[in-house]
Protein chains: 2
Amino acid sequence: MAWAQFTEGRGATALGRDREVAPRSLDRWLASLVQQQVAPAGVGVKLWDGALVPGSPSRTLGDLVVHDRRTLLGLATNPDLCFGQAYTAGGLDVRGPFEPVLEALSRLSAPEPTWRTRLMTAIASPTTLGDARRHVHEHYDLGNDFYAGWLDANMFYTCAYFAQPDQTLEAAQAGKADRVCRKLHLQETDHVVDAGCGWGGFALHAARHVGCRVTAFNVSREQLEFARARARRDGLDHLVSFVDDDYRNITGPCDAFVSLGMLEHVGRRQFDDLARVLARAVRRHGGRGLLHFIGRDVPCPLNAWLRRRIFPGAYAPTLGEVTSDVLAPAGMSVADVENLRLHCARTLAHWSERYEASVGAVRTERGNQFARAWSLYLAGSQAAFASGWLQLYQVVFSPRESDPPWWTRDDALVTPERPA
Amino acid sequence: MAWAQFTEGRGATALGRDREVAPRSLDRWLASLVQQQVAPAGVGVKLWDGALVPGSPSRTLGDLVVHDRRTLLGLATNPDLCFGQAYTAGGLDVRGPFEPVLEALSRLSAPEPTWRTRLMTAIASPTTLGDARRHVHEHYDLGNDFYAGWLDANMFYTCAYFAQPDQTLEAAQAGKADRVCRKLHLQETDHVVDAGCGWGGFALHAARHVGCRVTAFNVSREQLEFARARARRDGLDHLVSFVDDDYRNITGPCDAFVSLGMLEHVGRRQFDDLARVLARAVRRHGGRGLLHFIGRDVPCPLNAWLRRRIFPGAYAPTLGEVTSDVLAPAGMSVADVENLRLHCARTLAHWSERYEASVGAVRTERGNQFARAWSLYLAGSQAAFASGWLQLYQVVFSPRESDPPWWTRDDALVTPERPA
């Protein structure tokens, strides 16, 4: 498999010097603590001398190989943060099938927050407009070429909808965009606001297939440049406007409000802001909206490494937090919720496979640590969705004064109004 | 229309003596307060002298006719409770189309709780097993004949699913039961628990059409007798057991947990109990469940009169309360949510029409106050669902360790697995 190149024979790193030193009894004790934690997942632990730590399952699904003492200490005391940091830095390897081992480890974890995560949630500070722009810049302005290496041709960077599990990623992303249009019953006469539009995949799809007007907001300069160029190339710039602005400055009015994969970046302390935006932007009569977001069953911060290294400021909310703290204060009623977590795992499997196929170029251009971090992020996210640790919700809503967008949702989804 | 017989020419009641007395200036001042409240709904107010109160809209949708001073004082100070009490007692009439006037009044109300409703929520006491049995007895043991007068032949007393708006009630109730079976992907080999099974409509439908085993719980003796007789008559008693017990005593294990219209009666303080039942009763691997309940956008007690006169102990929760306080503590993930509030309004319209067609017999047997209370309850509930004041949620869930019951919900709902 594509990740095997990481799981065997990497060169020693700066932290790897403990390989020269035989593990001591303190090391063996720490290792036995880690082994106790991961054994129920069928995962073994090996130290830098290559020996399996006592207490490992007789037939393991895979092994964690700890290359140095600092990593061992980190895994024993703060695995949430250390696993990602050490894997990125090369202090930790996974021997065996990468995603299945991560999924087995993910299933182990209690979904309830620990005291550490509670504390971190409590002291989280509000996201200012400047923070938001910086956070987006850090993740999304890595270069369009980087993302083009593993996303589909239309650069959708959100969960796809696989009508059949073996669909191509391209078909499933078009299927997702089409499904969102249908759930919102979009019409040619509608004005749509797309909050956090990425590379413009959905906005362009809606303009092309429905013929509606779309005003799409984003604060990533690189994404906006790409999206505007696509709109011109495809002759859709008379329908779609890409606006360089924060969602908090959206005034509306609009017939439909769409946000795919932005809510995770909003942060819980800004839910009031988003509620105010919805309340003023969505037409009270005939308006409707859809939020598509990564969620949780139980309130809990994202994995510490992910939050620090990959998604600064991100928070995956529960369905209850979104309905109670965003939609209800905005005067919105929930019409429909669909959980697509297995579709998200499959989307990530496609991305992971494409990414690993070209990881050599990433390593050459951006270094080994960057390449390993993104390997872990993609495979670890796949594992989290597959194990039920993360959920993917699409929530359709409409103002309380309005009726839902359809009499039954089946009418919207099943009737072939237009080719997908 | 059927309710016209109530809105004109009723005889004077015990409270009606103020009709003989001309309204005084204090009466006129109170009436102007009430008129201010209801004018935005296009509703006028008339006092017992037959004169329209100043400030009423020039063309009203309908009028509230206040027959006595006590009613006037109640409407001015505690309309939530007084409207129902006074209408039932005959101190208040609605002149004009009954349900549309109630719907217009319903749209007026802020969905947020007032200080009065907050206080009542705070001091609500827990429901004991004895309370629960008494509450159910008060509402459901009014005699099967009474309910048979206006429910469908299979005695479904929950929201139907109208695939097309003009379906018959019978077809829509069968459609609902079929939809629930499909959402849960019920199979012949499944053991289903039905918590709060009413007259057994769903349990018998599932046994008949899927061939699965069903254990159905209820604490209403009259409903259970009816359901058992039906099971014997239809030769389904080898598949369905009707158990006279509280949902809190359900132990499982089961493959699918279904509850249609029970959660409203559980009460918020018992959500922990229900979470424990789900956690122990639903199989962790391959198990799934569905809760069908009347809900709200914002936490708020039911209308005071409804809670006192019709549904003692009832509470319609928000989607957030159910996901956060029932499903998450039970270790369940939400797979799907459908809001069927307009289907519930239509169901109530059918019930109301049938009820009013035979209300003469109800009045003869149970008295005028009983007959009027049920007229108001049915029409008022229809208005509340039509206006978005109440919601009707179907929530499909599965244990976090399990996958959802289907790859896409469309597979379950659209593929014609069996005739409806």
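This report describes a group of parallel strands in chain B and the contact between chains A and B in a predicted model.

**Parallel strands in chain B**

Strand S5 of chain B, residues 213-218, is a suitable place to begin. This strand is mostly covered, since 5 of its 6 residues are buried. A residue counts as buried if 20 or more other C-beta atoms lie within 10 Å of its own.

S5(B) pairs with strand S4 of chain B, residues 191-195; the two run parallel and are joined by 5 bridges. Within this pairing, Val192(B) has Val214(B) of S5(B) as its bridge partner. Between S4(B) and S5(B) the chain passes through helix H10 of chain B, residues 201-209, and this β-α-β crossover is right-handed.

S5(B) also pairs with strand S6 of chain B, residues 240-244, again through 5 bridges and in parallel. Here Val214(B) has Val240(B) of S6(B) as its bridge partner. Val214(B) is therefore bridged to Val192(B) in S4(B) as well as to Val240(B) in S6(B). Together with helix H11 of chain B, residues 221-233, the strands S5(B) and S6(B) make a right-handed β-α-β unit.

The strand pairings, including one between the two chains, are set out below.

| Strands | Bridges | Direction | Paired residues |
|---|---|---|---|
| S4(B) and S5(B) | 5 bridges | parallel | Val192(B) and Val214(B) |
| S5(B) and S6(B) | 5 bridges | parallel | Val214(B) and Val240(B) |
| S9(A) and S9(B) | 3 bridges | antiparallel | Glu338(A) and Asp336(B) |

**The contact between the chains**

The contact takes 31 residues from chain B and 31 residues from chain A. On the side of chain B that touches chain A, the elements giving two or more residues are helix H15 (319-327), strand S9 (332-339) and helix H19 (409-414). Of these, S9(B) gives the most, with 7 residues. By character, the residues on this side of chain B divide into 14 nonpolar, 9 polar and 8 charged.

Strand S9 of chain A, residues 332-339, is joined to S9(B) by 3 bridges, and the two run antiparallel. In this pairing, Glu338(A) stands opposite Asp336(B).

**Symmetry**

How are the two chains related in space? Chain B is superposed on chain A by a rotation of 180° with 0.0 Å of shift along its axis, with an RMSD of 0.0 Å. This is the relation of a two-fold axis. In chain B, the C-alpha nearest the axis belongs to Gly320(B), at 1.9 Å from it. Because 100% of the interface residues of chain B are also interface residues in chain A, the copies meet through the same surface.

Conventions
Residues numbered from 1 in each chain as written. Chains lettered and ligands numbered in written order. Predicted model: local features only at pLDDT ≥ 70, side-chain atom pairs only at ≥ 80, totals over all residues. Buried ≥ 20, exposed ≤ 12 C-beta atoms within 10 Å, placed from the backbone. Helix = DSSP H or I, 4+ residues; strand = E, 2+ residues; numbered from the N terminus. Right-handed = clockwise from strand over helix to strand, strands pointing away. Contact = placed C-beta atoms within 7 Å. Nonpolar A, V, L, I, M, F, W, Y, C, P; charged D, E, K, R; others polar. Least-squares fit on C-alpha atoms with pLDDT ≥ 70 in both.
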